[in-house]
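Reader: I would like a close look at a single part of this model. Please keep the answer brisk and connected.

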Amino acid sequence: MKILFSFLLISLTCLCHADIKDCKTKQEANSKIIKILDLINNLDAEKLYKKTADFSEAKKLIAEIDDPELFAKLVIFTHYLSYPGGIDTTALDDTFYALCNISDMKKFKEHKQYAQGLLLIQKGIPLDAHNGEQFAELILDSKDNSEIQKYFSSTIKRFDSVKK
């Protein structure tokens, strides 16, 4: 509920201070994220534990996202909705993670806003052991990209020196 309220507040603030068309575009993007999160969150818990839940609608909506910054926001929200994980919520936590995680950003590798999406993730999620490894792989796989070099040169240098 807090997430929904935050998005609505941002959207309403946007209406007061920006161009209406830009606000509507942002509201549509926010609505996509909210709908995906709501779909995942409302999956039948029994089916999650029995591993018979149907993820097709959520997967379809996630696949339709063509903006790495929007996808990065979804990754950040799913991270915080599934962590800290608990033994009693494992099925739901795993579902959030399986449907949308950092390594899925690779599908945007050629997108002009790819580096911006990675910057959002870097600022939005603690890049500890597992997340940090996935993030580093994305950076190293796209180190030929000039935007990646611009923002992540120290990361690239650090990992290149470790490889030697």
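Which residues line the largest cavity?

Author: A word on the source: this is a predicted model. The lining of the largest cavity is made up of Val75, Thr78, His79, Ser82, Tyr83, Phe96, Tyr97, Cys100, Asn101, Ile102, Ile125 and Asn131. The space inside is about 80 Å³. The structure has 1 cavity of 30 Å³ or more.

Two helices each supply at least two lining residues: helix 5 and helix 6. Helix 5 gives the largest share, 4 residues. Sorted by class, the lining has 7 nonpolar and 5 polar residues. No charged residue takes part.

Take one lining residue, Asn101. Asn101 sits in the loop between helix 6 (90-99) and helix 7 (114-124). Its relative accessibility is 9%. Buried means under 20%, so Asn101 counts as buried. A polar atom of the Asn101 side chain lies 3.1 Å from the backbone oxygen of Tyr97. Tyr97 is itself among the residues that line the cavity. Beyond its neighbours within four places in sequence, Asn101 is in contact with Phe71, Val75 and Gln134. Of these partners, Val75 is also on the cavity lining.

Phe71 leads on to the largest nonpolar core. That core has 32 residues. Phe71, Leu74, Met105, Leu118, Ile121 and Ile148 touch the most other members. Two or more core residues come from each of helix 2 (20-41), helix 4 (56-63), helix 5 (68-82), helix 6, helix 7, helix 8 (129-141) and helix 9 (146-163). Helix 5 again makes the largest contribution, with 6 residues. In soluble globular proteins, nonpolar side chains tend to be buried together.

Ile148 shows how one such core residue is surrounded. Leaving out residues up to four places away in sequence, Ile148 touches Tyr114, Ala115, Leu118, Ile139, Ser142, Lys143, Ser153 and Ile156. Leu118 is another of the residues that touch the most core members.

Helix 6 also borders an open space, the second largest pocket. The volume of this pocket is about 170 Å³. Leu48, Tyr49, Lys51, Phe55, Thr90, Ala91, Asp94, Thr95 and Ala98 form the lining. Helix 3 (45-50) and helix 6 each give two or more of them. Helix 6 gives the most, with 5 residues. By class, the pocket lining has 5 nonpolar, 2 polar and 2 charged residues. The cavity lining, by contrast, has no charged residues.

Methods
Residues are numbered from 1 along each chain as its sequence is written. This is a predicted model: local features need pLDDT of at least 70, side-chain atom pairs count only at pLDDT 80 or more; totals for chains, interfaces and linings use all residues. Side-chain values use heavy atoms; hydrogens and water are left out. Buried means under 20% relative accessible area, exposed over 50%, partly exposed in between (1.4 Å probe, protein chains only). A polar contact is a pair of N or O atoms within 3.5 Å; within protein, one must be able to donate a hydrogen and the other to accept it, and residues adjacent in sequence count only if both atoms are side-chain atoms. Contact means heavy atoms within 4.5 Å. A nonpolar core is a set of buried Ala, Val, Leu, Ile, Met, Phe, Trp, Tyr and Cys residues joined through side-chain atoms within 4.5 Å. On a 1 Å grid over the protein atoms alone, a cavity is a set of points where a 1.4 Å probe fits but cannot get out, and a pocket is an open set with protein on both sides within 12 Å along at least five of seven lines; lining residues have an atom within 4 Å of a point. Grid points are joined across faces, edges and corners, and a volume is the space filled by probe spheres set on the points. Ala, Val, Leu, Ile, Met, Phe, Trp, Tyr, Cys and Pro count as nonpolar, Asp, Glu, Lys and Arg as charged, and the others, Gly among them, as polar.
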